[in-house]
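Grab a pencil and open the viewer: here are a few exercises on strand pairing and core packing. Try each one before reading the solution.

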Amino acid sequence: MSAMSLPRKRGECMAAPKRVWLYGRIDRGGTSQVLDCQMEYLRCWAKEQGWVITGETREIRSGVFPDRPGLREVTQAAAEGRMDTVVVKSMTRLCRSSPDAYMYMKRLQELGVGVVSIKDQVMLTASTICLQQ
């Protein structure tokens with residue numbers, strides 16, 4: 001495995017993904033306005049990288065249980081080859097439990113899809129992991 005910084009702006013990381021899927025989730029106690037802001041943050045960040053957004057999944061559900069409609073939608077799109085990478089604001093958006101998040105990321109890797117967590121500054125691809133130094 002090799003480590004490199006997450007790209008901050010277009011062209012900084014040669015192996016940057018081109019096609020990305022945005023995944024946003026808030027708990028049931030949140031408002032759709034909060035989710036709208038999260039999705040806009042993801043859109044702006046991805047565009048700043050020069051990446052092509054091929055889809056978005058929005059979910060208002062608890063992150064405690066990994067078997068959620070939104071993650072099933074992302075998995076299906078990954079299986080169909082519609083993305084190179086899933087972009088999330090933080091890993092906790094995928095799953096609240098670290099073992100569940102790891103298993104989900106492993107499943108995506110098996111499908112040849114990576115994960116970028118902006119807040120955690122982590123880029124996980126099928127072959128490398130990039131950490132912000």
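**Exercise 1.** Find the residue that stands opposite Val20, then work out how the two strands pair.

*Solution.* Keep in mind that this is a predicted model. Start at Val20 and look across: Thr85 in β3 is the residue facing it. Next, check the strands themselves: β1 and β3 (residues 85-88) are parallel, with three bridges between them.

**Exercise 2.** Now find the strand that is joined to β1 by eight bridges, and trace the path to it.

*Solution.* The partner is β2 (residues 52-60), and the two run parallel. For a landmark, take Tyr23, which has Thr57 of β2 opposite. Follow the chain from β1 and you pass through helix α1 (residues 32-49) before reaching β2, a β-α-β crossover that is right-handed.

**Exercise 3.** Is strand β1 largely enclosed or not, and why?

*Solution.* Count the buried residues, taking under 20% relative accessible area as the cut-off. Seven of the eight residues in β1 (residues 19-26) pass, so the rest of the structure largely encloses this strand.

**Exercise 4.** Describe the largest nonpolar core, then look at what Met83 touches.

*Solution.* This core has 19 residues, and those touching the most other members are Tyr23, Val74, Met83, Val86, Leu94, Leu108 and Val115. Two or more residues each come from β1, α2 (69-79), β3, α3 (91-94) and α4 (98-110). Leaving out residues up to four places away in sequence, Met83 touches Arg19, Val20, Trp21, Thr54, Val74, Ala77, Ala78 and Val113. A separate core of 13 residues includes Leu35, Ala46, Trp51 and Ile118.

Key:
Residues are numbered from 1 along each chain as its sequence is written. This is a predicted model: local features need pLDDT of at least 70, side-chain atom pairs count only at pLDDT 80 or more; totals for chains, interfaces and linings use all residues. Side-chain values use heavy atoms; hydrogens and water are left out. Buried means under 20% relative accessible area, exposed over 50%, partly exposed in between (1.4 Å probe, protein chains only). Helices (H or I, at least four residues) and strands (E, at least two) are DSSP runs, numbered from the N terminus. Two strands pair if DSSP finds at least two bridges between them. A crossover is right-handed if, with the strands pointing away from the viewer, the path from the first strand over the helix to the second runs clockwise. A nonpolar core is a set of buried Ala, Val, Leu, Ile, Met, Phe, Trp, Tyr and Cys residues joined through side-chain atoms within 4.5 Å. Contact means heavy atoms within 4.5 Å.
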